[in-house]
Number of protein chains: 2
Amino acid sequence: MKWDTLDEEPCSLSRAVAVIGDRWTLLILRECFLRVRRFEAFQSSLQITRHLLSERLKKLVRFGILRRVPYSESPKRYEYILTQKGLDLYPIIMAMVHWGDTHMGDERGRPLLHEHKICGKLFDPVMVCSECGEPLQARQVHVHAGPGRDQAVG
Amino acid sequence: MKWDTLDEEPCSLSRAVAVIGDRWTLLILRECFLRVRRFEAFQSSLQITRHLLSERLKKLVRFGILRRVPYSESPKRYEYILTQKGLDLYPIIMAMVHWGDTHMGDERGRPLLHEHKICGKLFDPVMVCSECGEPLQARQVHVHAGPGRDQAVG
DNA sequence: AGACTATAGTTCCGAAATAGAACTGTCAAA
DNA sequence: TTTGACAGTTCTATTTCGGAACTATAGTCT
């Protein structure tokens, strides 16, 4: 498989995987949603090698998920901020966190709790149908070939 | 970073990443949700090397995401079926598909369309708050340390 | 019987990615 | 003038991956 052309496959999952389908990228995005923005901050909180961090940040910028914004002239310093495309990854991250909470927990309990500022309560993320609002289950979904069809995911 | 103990980190995202945080695993899961179950079928539809496929399937079985079920005695043959823990990955996969549809599309249009059998309509997956039912946005979520706290994701 | 096919892997080796540590460059503050 | 903060880059050893060939078990075809 050619990872360098995965983002052109006729499958939306492949295209997403091309961008965020590796361990470090997902962990970097976690930090982004926790408001981490600077090289040193990513590096020290993740213990990622500087080399890989540099490469991954470049990739995320290239794909339009992060913007590299100067926060200091002389010396020129930049920080990395989520674009709207990056912010839209939130459901993926939250879905993973929720799955981890549910299926990979230990006796210590959840590492983090999430409060919804709108309603003020601690919540779990739930994925629902945009049309009827019911929670989604794999069995209840039927897949059709779309215009850019070929293969893909249920 | 020690990938072999990532599943014990006090962070639910890390624990999820430990299991599904690589390209092949995510693509294999896509196939699972499309009802692919057998070694040869995975191999030919993904063009993954047999070596890696074998290793990834073992890992998914070890983590309880797939079950290895015999479908033939003599010769002994097995197929791989999603457990409930595996089925619960559906929101992650769907969130990724939806993000790919939204942000990585090309002129050909969506590769696949999803129909909700319950309401009969083509839909998009939407992530909502379990308490108030409103769609979730990163900005509207406040993170608290939980009992197994230390660090983790927003 | 012997050859061929199907399925589910395992083995081996060269190529690519990663980890770990050291090094570079710019500027401000002491 | 030296030190420290920050944001990287460069280098090498190790690990993982890709690609192809090989193994094993049994059924079917001639």
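By class, the protein surface near DNA strand C is made up of 10 charged, 9 nonpolar and 4 polar residues. Keep in mind that this is a predicted model. In total, 23 residues sit around DNA strand C, and A:Leu52, B:Ser54, B:Tyr71, B:Arg77 and B:Tyr80 come nearest. As for what the protein meets on the DNA side, 62% of the atoms of DNA strand C within 4 Å of the protein belong to sugar and phosphate.

Some contacts to DNA strand C go to the bases. The side chain of B:Glu40 puts a polar atom 3.0 Å from a base nitrogen of this strand. B:Arg77 has a side-chain N or O atom 2.8 Å from a base oxygen of DNA strand C. The backbone of the DNA gets a contact too: an N or O atom in the side chain of B:Arg68 is 3.0 Å from a phosphate oxygen of DNA strand C. Which elements give two or more residues to this surface? They are H4 of chain A, plus helix H3 (39-46), H4, S1 and S2 of chain B.

Now for the other DNA strand. DNA strand D is surrounded by 23 residues, with A:Arg50, A:Ser54, A:Tyr71, A:Tyr80 and B:Leu52 the closest. Of the atoms of DNA strand D within 4 Å of the protein, sugar or phosphate makes up 65%, and the rest belong to bases. The residues of the surface near DNA strand D split into 10 charged, 9 nonpolar and 4 polar.

Here are polar contacts from both DNA strands, side by side.

| Protein residue | DNA atom | Distance |
|---|---|---|
| A:Glu40, side chain | base nitrogen, DNA strand D | 3.0 Å |
| A:Arg50, side chain | base nitrogen, DNA strand D | 2.8 Å |
| A:Tyr78, backbone | phosphate oxygen, DNA strand D | 3.4 Å |
| B:Glu40, side chain | base nitrogen, DNA strand C | 3.0 Å |
| B:Arg68, side chain | phosphate oxygen, DNA strand C | 3.0 Å |
| B:Arg77, side chain | base oxygen, DNA strand C | 2.8 Å |

For DNA strand D, the elements giving two or more residues to the nearby surface are helix H3 (39-46), helix H4 (50-62), strand S1 (66-72) and strand S2 (77-82) of chain A, along with helix H4 (50-62) of chain B.

How do the two protein chains relate to each other? A turn of 180 degrees, with a shift of 0.0 Å along the axis, lays chain B on chain A with an RMSD of 0.0 Å. That is how a two-fold axis relates two copies. Both copies use the same surface, since 100% of the contact residues of chain B recur in chain A.

Next, the strands of chain B. Strand S1 (residues 66-72) and strand S2 (residues 77-82) of chain B pair in the antiparallel sense over 6 bridges. One of the pairings matches B:Arg68 with B:Tyr80, its bridge partner in S2(B). Both residues turned up above: B:Arg68 with its phosphate contact, and B:Tyr80 among the residues nearest DNA strand C. S1(B) and S2(B) form a hairpin with 4 residues between them, and B:Ser74 in the turn has a positive phi of about 45 degrees.

The loop between S1 and S2 has another oddity. Most residues other than glycine have a negative phi, and most peptide bonds are trans. In chain B, a cis peptide bond joins B:Ser74 and B:Pro75, with omega about -10 degrees, and B:Pro75 lies in the loop between S1 and S2. In chain A, A:Ser74 and A:Pro75 are joined by a cis peptide bond too, with omega about -5 degrees. A:Ser74 has a positive phi near 45 degrees and sits in the loop between S1 and S2 of chain A. Is A:Ser74 buried or exposed? It counts as exposed because its relative accessibility is 65%, and the cut-off for exposed is over 50%.

B:Gln47 also has a positive phi, about 60 degrees, although it is not a glycine. Its place is the loop between H3 and H4 of chain B, and B:Gln47 counts as exposed because its relative accessibility is 52%.

Finally, helix H2 (residues 23-33) of chain B is mostly covered, with 11 of its 11 residues buried. Among them are B:Trp24, B:Leu27, B:Ile28 and B:Phe33, and also the charged B:Arg23, B:Arg30 and B:Glu31. At the N-terminal end, B:Asp22 caps H2(B), with a side-chain oxygen 3.2 Å from the backbone nitrogen of B:Trp24. After H2(B) comes B:Arg35, which has a positive phi near 75 degrees.

Conventions. Residues numbered from 1 in each chain as written. Chains lettered and ligands numbered in written order. Predicted model: local features only at pLDDT ≥ 70, side-chain atom pairs only at ≥ 80, totals over all residues. Heavy atoms only, no water. Least-squares fit on C-alpha atoms with pLDDT ≥ 70 in both. Contact = heavy atoms within 4.5 Å. Near = heavy atom within 4 Å. Polar contact = N/O pair within 3.5 Å; in protein donor to acceptor, adjacent residues only side chain to side chain. Pairing = 2+ DSSP bridges. Buried < 20%, exposed > 50% of the residue type's maximum accessible area, 1.4 Å probe, protein only.
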